[in-house]
There are 2 protein chains.
Amino acid sequence: MPEAASAPAARARIGDSEFDRDTAVTRREPGVYDAGLSAGWTIINAVNGGYLLAVLGRALGDALPHPDPFTITAHYLTASRPGPAVVRTEVVRTGRTLSTGQASLFQYDDEGREVERIRVLASYGDLDALPDDVRTSAKPPAIPPIERCFGPDDAPAPVPGSSAIADRLMLKLDPDTLGWALGQPSGKGEMRAWFGLADGRDADPLSLLLAVDALPPTAFELGLSGWVPTVELTVHVRCRPAPGPLRISITTRNLAGGFLEEDAEVWDSDDRLVAQSRQLARARLG
Amino acid sequence: MPEAASAPAARARIGDSEFDRDTAVTRREPGVYDAGLSAGWTIINAVNGGYLLAVLGRALGDALPHPDPFTITAHYLTASRPGPAVVRTEVVRTGRTLSTGQASLFQYDDEGREVERIRVLASYGDLDALPDDVRTSAKPPAIPPIERCFGPDDAPAPVPGSSAIADRLMLKLDPDTLGWALGQPSGKGEMRAWFGLADGRDADPLSLLLAVDALPPTAFELGLSGWVPTVELTVHVRCRPAPGPLRISITTRNLAGGFLEEDAEVWDSDDRLVAQSRQLARARLG
C-alpha cells in the first residue's frame, strides 16, 4: 500500500465536515432556506440524489419539531445543477412522537424564475427516544473485510462513472459485485460495499440519506450501462448509526417494463440495520 | 364445501363494482374532489389504509394527465372515519412519460373545519405504454393452491381482527402463516395469501393499492397482538394485472425501536410481479 498521503491529518467531526458544509441551509424566513448545491457531489454532471435528499432533510429537520427523518420520500422532477437553491418547507402535522412535513427544492431558470427540482414528504421523530428493543430477523450482508474490497483508487484504469463524488467518499466494493467494472457483469442485481465519508466524518441520520444512493447502480451488474435516473426514493432511518464504516447492500429483484427498484440496507459497526431504502428508477435498455 | 350461496350471480366488472362505487370521487371544481368513505372497508373501527390510498389515487388519476400510479406514497396523519371527505390535488409537474402530483384527504371536525387525514405524493404514467421486457429475478411466492388456504369463513370461530372488510375480500391465507390465529405465531415476519375482491371484480392498478395493505399484519406472526398503525406506505405499480386472483407475500425483516417495515409483493395469474410496496408501521410491544 502506498503511503496514505491523502489521509486527512485529523478525522472530520459531525457538524464540521465537507458534508455538513455542503448540506448547510440558511433560514431566509420561517420555513424558507437558502442552500448552495456543491459541485463536489456530482456523478458526471448530475448532482447525486442522496446528497440532494440530505439538503432537503436538513431543512425539514430545522422546520419540524423533531430532529430525525424516520421516513422520507423524494420525487425527482428536473435535473439539479451545482449552484444556488432555495428550499421551501411546510409543516403538515405535529404530534407527540412524530411530525410530518413537506419540502421542495427550487433552482432558477435563465429569467430568474424558480423551477422545482425535487419534492419531498417526510415524517420525523427522535431516534434517541426510541426503545432499545431489537427483534430483527435481518442479517448483515456477507461482504469481505474492507481491505479485500475495491475502490476507485484501486482500479488499474479509472472506474467508469467515477466523478467528483468519488473524492468525497470512502467506497470499497465487494469484488463479487464488481464484474461490471471488468466488462463481466454477474447478471445478478446486487451491489455491496463498505461506505464512509473520505474525511472520516462518522455517519448520522442525514448522511444515511446520502449513503443509500451512493453505490453504482445494480443495473450495471444486470448488464445495463446507461444512466439510471431515480424517479422516487424513500428512506427509512431506523437507528442512529454507531461510529465507524457502514456496510451497504443493494438489491434489484424486478427489472421490467423499463423500470427497476433498488432496495438498500445500511448496517453500522454494531451490526444494527440503521436504514432501509427503496427507489424506483428508469432503466435505459440497450 | 357448502353450497356457494353467497357467490354473486355474476362477477362484478372493473368500473362497476363495490370497490369502484366506494372509491368514487366527484369533481367539485378543478383539482378538488368530493368522496364518501364507506364503512364497508373497516377493520374494527379503522378505515383500511389501502382503501383510503385508492380513493386518493383515483382523484390523482383524474387530476393528472397520466392514468396509472407508478409510485405513490401516503403519510397517515389522523384517523379517517366513514363519511364525507374531500380530496384536494395539486399537479406538481407534467412530463411526456411521467407526471407528478400531490393530494390530501380531509374530513371535518365538529365545527365543520377541514382536518387533514392523509397526504400523498405520487408519480403517474401509462402502464400500457411500457415495453414488454421482463428481466426480473424475482420468483412468485411458494403458496399452496387456493383450496388449501384459509379465509375467515373457514375458521371454527371468528378470526381475530375480522371486520366489515372481510365481506368485501376474497382472502385465503397460507396455513404456514396462520399460526397467530391458533395462538401459535411462527416468529417469522411472513404473511402470504391469495387475494381478490369478493364480488369477483378483477384487479387493476387502483385495487392493487388496496391489496398491498389488506392482509393481517406480519406482526401477528411475530407474536405481537396489538394494533399496527401505518405511518407511511409507498406502492410501486409495475404492471397491469391479468384477470384472476392475486398472490401476495408480505415480509418484515426489521422489528426494532418500536417500528417495523412491511414489504409486500403482489403477483398476478400470469406470474408477473405487478406491485411492490413498503410501509413503516408502529409496533406496540407488549
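In this predicted model, Arg119(B) reaches across to Glu90(A) and forms a salt bridge, with the closest N and O atoms 2.9 Å apart. That pair has company: the count between chain A and chain B is eight salt bridges. Polar contacts cross the boundary too, and 42 residue pairs are in polar contact across the interface of the two chains, both partners being at pLDDT 80 or more.

As for what chain A brings to this meeting, the elements that each give two or more residues to its side are β5 (68-76), β6 (83-94), β7 (99-108), β8 (114-125), β11 (230-237), β13 (255-256), β14 (259-267) and β15 (273-282) of chain A. The largest share comes from β15(A), which puts in seven residues. Sorted by class, the side of chain A that touches chain B holds 22 nonpolar, 19 polar and 15 charged residues.

Now for the interface as a whole. In terms of contact, 56 residues of chain A meet 56 residues of chain B. Between them the two chains bury about 4,800 Å², and 50% of that area is on carbon and sulfur atoms.

How do the two copies relate to each other? A turn of 180° with a shift of 0.0 Å along the axis lays chain A on chain B, and the RMSD of that fit is 0.0 Å. This is the relation of a two-fold axis, because a half turn of 180° with a shift of 0.0 Å brings one copy onto the other. Both copies also use the same surface, as 100% of the contact residues of chain A recur in chain B.

Finally, there is a record to set beside the model. An unreviewed UniProt entry places the feature "domain: Acyl-CoA thioesterase-like N-terminal HotDog" at residues 38-123 of chain A. In the model, that span of chain A is 52% strand and 17% helix. From one end of the span to the other, the C-alpha atoms of residues 38-123 of chain A lie 26 Å apart.

How values were computed: Residues numbered from 1 in each chain as written. Chains lettered and ligands numbered in written order. Predicted model: local features only at pLDDT ≥ 70, side-chain atom pairs only at ≥ 80, totals over all residues. Heavy atoms only, no water. UniProt positions renumbered as here; feature names shortened; annotations may be inferred. Helix = DSSP H or I, 4+ residues; strand = E, 2+ residues; numbered from the N terminus. Least-squares fit on C-alpha atoms with pLDDT ≥ 70 in both. Contact = heavy atoms within 4.5 Å. Buried area = accessible area lost by both parts, 1.4 Å probe. Salt bridge = Lys/Arg side-chain N within 4 Å of Asp/Glu carboxyl O. Polar contact = N/O pair within 3.5 Å; in protein donor to acceptor, adjacent residues only side chain to side chain. Nonpolar A, V, L, I, M, F, W, Y, C, P; charged D, E, K, R; others polar.
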